[in-house]
Amino acid sequence: MELKVLESNKIDEEVANEIVTLIKGKPNCVLGLATGSTPLGVYANLVKKYENKEVSFKNVRSFNLDEYVGLKHDNDQSYFYFMHHNLFDHIDIDPNNVHVPDGINYENCLKTYDNEIKKAGGIDLQILGIGSNGHIAFNEPGTDFDSFIHLVNLKESTIKDNSRFFSSIEEVPTRAITMGLRSIMQAKRIILIAKGKNKNRAIKALFDEQGIDEALPVSVLKLHPNVEIYCDKDAAEGVIDE
Ligand code: PGA
């Protein structure tokens, strides 16, 4: 795992540059995309680059990591809405090439999502955030490293973290559909971004502790040959560069 510690806006620029370089080399590449506050700056940079005609997403395929169970596409807290509002509506990606796990008709999605990724040729670059409890996507502590797409009951800590986007904690869905850890590990390359003090404990555990443990889902990434971790100073505080 390669650790890069940069200012937050530099992370956004560098990761966006990596994505654009990938698209230029492989215009029909497959991107694995994340939601949450972490990738917002990356998406803003991608929109700018599209507007400046530096890149076209015409043939890009994308697969999102996860979605809340029970939120319709037009609910502004759904990840479908998030992706369209923050990225897809502002670039030339083909709507048929966009995939977000279906939190309403999830039965079918559970059967098909991993296969669709495989049929697309696998994910070339997976973007990840990290939860304060070390989750990646909605793979909460204790998730089987061998998991594919599945339903999950969100942990109290995740519901609390995400309640900042809702008007009350009671409105936060308690279930989600998420790509599994095995699905994520099949990506050819992974970039994880961590920003802010509340990610420091998970990042420290990732680098400080020797083990690879299902209690810390992100630790599965130690088994992947091509992972870059971008942290701001707050998230990386006390972590030795490996
Ligand atoms: P955040 O969420 O980007 O909103 O901090 C990240 C995550 O929970 O994976």
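The largest pocket in this predicted model has a volume of about 580 Å³. Its lining consists of 32 residues, and T35, G36, S37, Y79 and N162 are those nearest the centre of the pocket. Three elements each contribute two or more residues to this lining: β4 (66-68), α3 (79-86) and α5 (156-162). Of these, α3 provides the largest share, with 5 residues. Sorted by class, the lining of the largest pocket comprises 11 nonpolar, 15 polar and 6 charged residues.

The ligand sits in this largest pocket. Around the ligand are G36, S37, T38, G129, I130, G131, H135, R164, F165 and K199. This shell divides into 2 nonpolar, 6 polar and 2 charged residues. G36 and S37 belong to the shell around the ligand and are also among the residues nearest the centre of the largest pocket.

Oxygen atoms of the ligand lie at short listed distances from polar atoms of three shell residues, as tabulated here.

| Residue | Protein atom | Ligand atom | Distance |
|---|---|---|---|
| S37 | backbone N or O | oxygen | 2.9 Å |
| R164 | side-chain N or O | oxygen | 2.9 Å |
| K199 | polar side-chain atom | oxygen | 2.6 Å |

S37 thus takes part through its backbone, whereas R164 uses an N or O atom of its side chain and K199 a polar side-chain atom. The ligand taken alone exposes 280 Å², and the protein buries 85% of that area.

The second largest pocket holds about 180 Å³ of space. Its lining is formed by D114, N115, I117, K118, G122, I123, F148, S183, Q186 and A187. Helix α4 (residues 106-119) supplies the largest share of this lining, 4 residues. By class, the lining of the second largest pocket has 4 nonpolar, 4 polar and 2 charged residues.

Which helix, then, gives the largest share of the lining in each pocket? For the largest pocket the answer is α3, with 5 residues; for the second largest pocket, the helix is α4, with 4 residues.

Definitions and conventions
Residues numbered from 1 in each chain as written. Predicted model: local features only at pLDDT ≥ 70, side-chain atom pairs only at ≥ 80, totals over all residues. Heavy atoms only, no water. Near = heavy atom within 4 Å. Polar contact = N/O pair within 3.5 Å; in protein donor to acceptor, adjacent residues only side chain to side chain. Areas by Shrake-Rupley, 256 points an atom, 1.4 Å probe, with all protein chains shown as cover. 1 Å grid on protein atoms, 1.4 Å probe; cavity = no way out; pocket = protein on both sides within 12 Å on 5 of 7 lines; lining within 4 Å. Sits in = over half its atoms within 2 Å of the grid points. Nonpolar A, V, L, I, M, F, W, Y, C, P; charged D, E, K, R; others polar. Points joined across faces, edges and corners; volume = space filled by probe spheres on them.
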